[in-house]
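Visitor: Take me in close on one part of this model, please: the pocket. Once we've had a good look, show me around the rest of the chain too.

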Amino acid sequence: MTEPSEPVIHASGIEKTFNGSLTVRGISFSVAKGQCFGVLGPNGAGKTTTLRLILGISPLSAGDLRVFGLTMPKFGDVARERIGVVPQIDSLDPDFNVFENLRMYGRYFDLNAKLVEERASALLKLMELGEKANAKPATLSGGMRRRLTIARALINNPDLLVLDEPTTGLDPQARHLIWARLRQLVSEGKTLLLTTHYMEEAERLCDELVIMDQGKILDQGSPMAIIGRHVEKEVLEIRGEDLANCYALNTEQGCRLETVDNSLYCYTNDARPMITRLKDCADVTYLHRPANLEDVFLKLTGRELRD
């Protein structure tokens, strides 16, 4: 029987105090090798602070944190040699062309020049940027710049790739291409640590994830397991002028209702009776869909805006 390998990341009761307040409150989790692990949460949940702790660029206030079995941040320099980072905001060098951005970044890892050029060419092909090798970053689309930033993060052939909201602001075509490449990296044995505000992205990519708020982990597991624990199987999103009558139907049909502005959300394990009765509601439209991770996210963290 094969022994389980050591987790790539292991956090036990980690805390971070900033300006006298706890921004990370004793959280614990492990990330297995070859896994895409998500960290979800609203603004101010503690996600970025957690990433900084994992990267060893911010000291712990309490707890134990190990990356590749190395105590952080004590061995942060050693661990970061095996990590690639895709920041939330692109930081490409505008003075260098696409290929030069990869080649220059490779020098930070003291890599052989020939090896860097070979990797750069392969990565541009992987990210479908081969024809843009001589272009400056300013001439690229947003999707191309993100793909170049991911390619740059892979130049040192990292064992762990940390992605902070990698597809924010991209069109569906660019997003789907990046998702395909990230799935390919996981299939090749890379470990991914992902933060995102796109719940669909988390559902498609993550083998396991945590939902955080106010520095705490609210739940952890696979996307489907978390959905199953917190919400019913089906959702009806109902809009229109006759919502009062729809409320009355809830007594008979057993829906769990939420009202948001002029919309009514009906959560149920069997929507068919409710759909039949909705025909008696004048001037309403509805969308019938499976429950998803966004429903869980909003239930656990609330619908209020965060600064």
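Guide: Let's sort out the classes first: Ala, Val, Leu, Ile, Met, Phe, Trp, Tyr, Cys and Pro count as nonpolar, Asp, Glu, Lys and Arg as charged, and the others, Gly among them, as polar. Keep in mind that this is a predicted model.

With that scheme, the lining of the largest pocket splits into five nonpolar, four polar and four charged residues. The volume of this pocket is about 290 Å³. It has 13 lining residues, and those closest to the centre are Pro42, His197, Phe297, Leu298 and Arg306. Pro42, Phe297 and Leu298 go into the nonpolar class, His197 into the polar one and Arg306 into the charged one. Which element gives the most to the lining? That's helix 11, residues 293-301, with four residues. Phe297 and Leu298 both fall inside that stretch.

Now step back to the whole chain. You're looking at eleven helices and 14 strands. Measured out along the principal axes, the C-alpha atoms fill a box of roughly 70 × 50 × 45 Å. Of the 307 residues, 46% are buried. Take the contacts with a separation of 6 or more, and 69% of them come from residues 24 or more positions apart.

Next, the strands. Four of them make an open sheet, ordered 12-13-11-14, with antiparallel pairing. Strand 12 (256-260) and strand 14 (284-290) sit at the edges, each pairing on one side only. On average, neighbours in this sheet are turned by 20° against each other, direction ignored. Inside the sheet, strand 11 (residues 234-240) and strand 13 (residues 263-268) run antiparallel and are joined by six bridges. If you want a pair to find by eye, try Leu236, whose bridge partner in strand 13 is Cys266.

There's also a hairpin to look at. Strand 9 (residues 208-213) and strand 10 (residues 216-221) run antiparallel too, with five bridges between them. Leu209 has Gly221 of strand 10 as its bridge partner. Two residues separate the strands of this hairpin, and Gln214 takes a positive phi near 50° there.

That brings us to the backbone oddities. Most residues other than glycine have a negative phi, and most peptide bonds are trans. Asp110 is not a glycine, yet has a positive phi of about 55°. You'll find Asp110 in the loop between helix 3 and helix 4 (113-126). Its relative accessibility is 71%, so Asp110 counts as exposed, the cut-off being over 50%. Glu165, likewise not a glycine, has a positive phi of about 50°. This one belongs to the loop between strand 7 (160-164) and helix 6 (172-187). Is Glu165 buried or exposed? Buried, because its relative accessible area of 9% is under 20%. As for peptide bonds, the one from Met72 to Pro73 is cis, with omega near 5°. Pro73 is part of the loop between strand 5 (70-71) and helix 2 (76-80).

One last stop is Asn101, in helix 3 (residues 98-107). Asn101 has 5% relative accessibility and therefore counts as buried. What does Asn101 touch, leaving out residues up to four places away in sequence? Leu92, Asp93, Phe96, Pro137 and Arg152.

Definitions and conventions: Residues numbered from 1 in each chain as written. Predicted model: local features only at pLDDT ≥ 70, side-chain atom pairs only at ≥ 80, totals over all residues. Heavy atoms only, no water. 1 Å grid on protein atoms, 1.4 Å probe; cavity = no way out; pocket = protein on both sides within 12 Å on 5 of 7 lines; lining within 4 Å. Points joined across faces, edges and corners; volume = space filled by probe spheres on them. Pairing = 2+ DSSP bridges. Axes fitted to C-alpha atoms, helices over the stretch in contact; angles between N-to-C directions. Buried < 20%, exposed > 50% of the residue type's maximum accessible area, 1.4 Å probe, protein only. Contact = heavy atoms within 4.5 Å.
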